[in-house]
Amino acid sequence: MPLTDTAIRAAKPLEKPQKLFDRNGLFLFITPTGTKSWRVKYRFQGREKLLTLGTYPQLSLKEARAACVAAKKQISDGLDPSREKKRSSQIANNTFEKIAREWHTNQLDGWTANYAKDVMERIGKNIFPYLGDRQISDITASELLEVLRKIEARGSVDQAHRGRGICSLIFRYAIATGRAERDCAADLRGALKQRTVTPRAAITELYGIV
């Protein structure tokens, strides 16, 4: 018979893992340590597979059943729920903000604390609110230019150029780690307003140093 919240709460861990079955292939997997996780058994293209939905009580019985129905709908549409879950996870890890923070962390050993803070504050204030949740591979040069124009509009031409330089480094990091194919920030050379450039600034601009 289907599970109830009372039965789930009362279930105690045993020496061996146990399965409490609900319906439609959904069951609660309980480890000897007491962790309870929702799983769905299904068949896709003739193969038996298993999908983990989440842990209880973070994912309630009602929510687990809804997730199970959604997974079965994917199967009926010709999609493998496990593959779709993995793809969704990869998408979540490929946002501009996620990659920017990863790049930033990788630079910390070579930066002073103040410089690291300054870089993160710049992109946190000027870039993340507009592009942070976007897939980095989907961002276009025109979209980035629109964001940098907002900085220019405040009269901060130099900051707009520095923002472009930081973004370029982030895009290049994404390319190196296989999550983007193009540095659209590089396409914006000459698109921003001119700034007063000292010889030292000209060198840093040439090599993409921020």
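This report describes the strand sheet, a helix pair and selected salt bridges of a predicted model.

**The sheet and the helix across it**

Four strands form an open sheet in the order β1-β2-β3-β4, and their pairing is antiparallel. Strands of a sheet pair through backbone hydrogen bonds, which may be parallel or antiparallel. The edges of this sheet are taken by β1 (18-21) and β4, each of which has a single partner strand, so one side of each lacks a neighbour in the sheet. On average, neighbouring strands are turned by 30° against each other, direction ignored.

Strand β3 (residues 36-44) and β4 run antiparallel and are joined by 9 bridges. Within this pairing, Tyr42 stands opposite Lys49 in β4. Helix α2 lies across β2 (26-30), β3 and β4, and runs at about 20° to β3.

**Salt bridges**

Side chains of opposite charge can pair when their charged atoms come close. With a cut-off of 4 Å between side-chain nitrogen and carboxyl oxygen, the count for the model comes to 10 salt bridges. Three of them are listed here, including one that involves the β4 residue Lys49.

| Pair | N to O distance | Location | Separation along the chain |
|---|---|---|---|
| Lys49 and Asp80 | 2.5 Å | strand β4; loop between α2 and α3 | 31 residues |
| Arg101 and Glu97 | 3.0 Å | both in helix α4 | 4 residues |
| Asp158 and Arg162 | 2.8 Å | both in helix α8 | 4 residues |

The salt bridge of Lys49 and Asp80 links distant parts of the chain: Lys49 belongs to strand β4 (residues 47-56), and Asp80 to the loop between α2 (61-76) and α3 (81-92). The two partners fall into separate accessibility classes. Asp80 has a relative accessible area of 4% and is therefore buried, the limit for that class being under 20%. Lys49, at 23% relative accessibility, counts as partly exposed.

The other two pairs each lie within one helix. Arg101 and Glu97 are both in helix α4, with a spacing of 4 residues that amounts to about one turn of the helix. Arg101 is partly exposed, with a relative accessible area of 40%, and Glu97 is also partly exposed, at 27%. Asp158 and Arg162 are likewise about one turn apart, in helix α8 (residues 157-176). Asp158 is partly exposed at a relative accessible area of 31%, as is Arg162 at 30%.

**Packing of α4 and α5**

Two packed helices are described by the angle and the distance between their axes. For helix α4 (residues 96-107) and helix α5 (residues 113-126), the angle is about 170° and the axes are 11 Å apart. The two helices are therefore roughly antiparallel to each other, since angles over 145 degrees fall in that class. On the α4 side the contact is made by Ala100, Arg101, Trp103 and His104, and on the α5 side by Ala116, Val119, Met120 and Ile123. By class, this contact comprises 6 nonpolar, 1 polar and 1 charged residues. Arg101 thus has a place both in the contact with α5 and in the salt bridge with Glu97.

Lys117 is also located in helix α5. Its relative accessible area is 52%, so Lys117 is exposed. The C-alpha atom of Lys117 is separated by 52 Å from that of Arg23, the two residues being 94 residues apart along the chain.

Definitions and conventions
Residues numbered from 1 in each chain as written. Predicted model: local features only at pLDDT ≥ 70, side-chain atom pairs only at ≥ 80, totals over all residues. Heavy atoms only, no water. Axes fitted to C-alpha atoms, helices over the stretch in contact; angles between N-to-C directions. Parallel < 35°, antiparallel > 145°, perpendicular 65-115°, else oblique. Contact = heavy atoms within 4.5 Å. Nonpolar A, V, L, I, M, F, W, Y, C, P; charged D, E, K, R; others polar. Buried < 20%, exposed > 50% of the residue type's maximum accessible area, 1.4 Å probe, protein only. Pairing = 2+ DSSP bridges.
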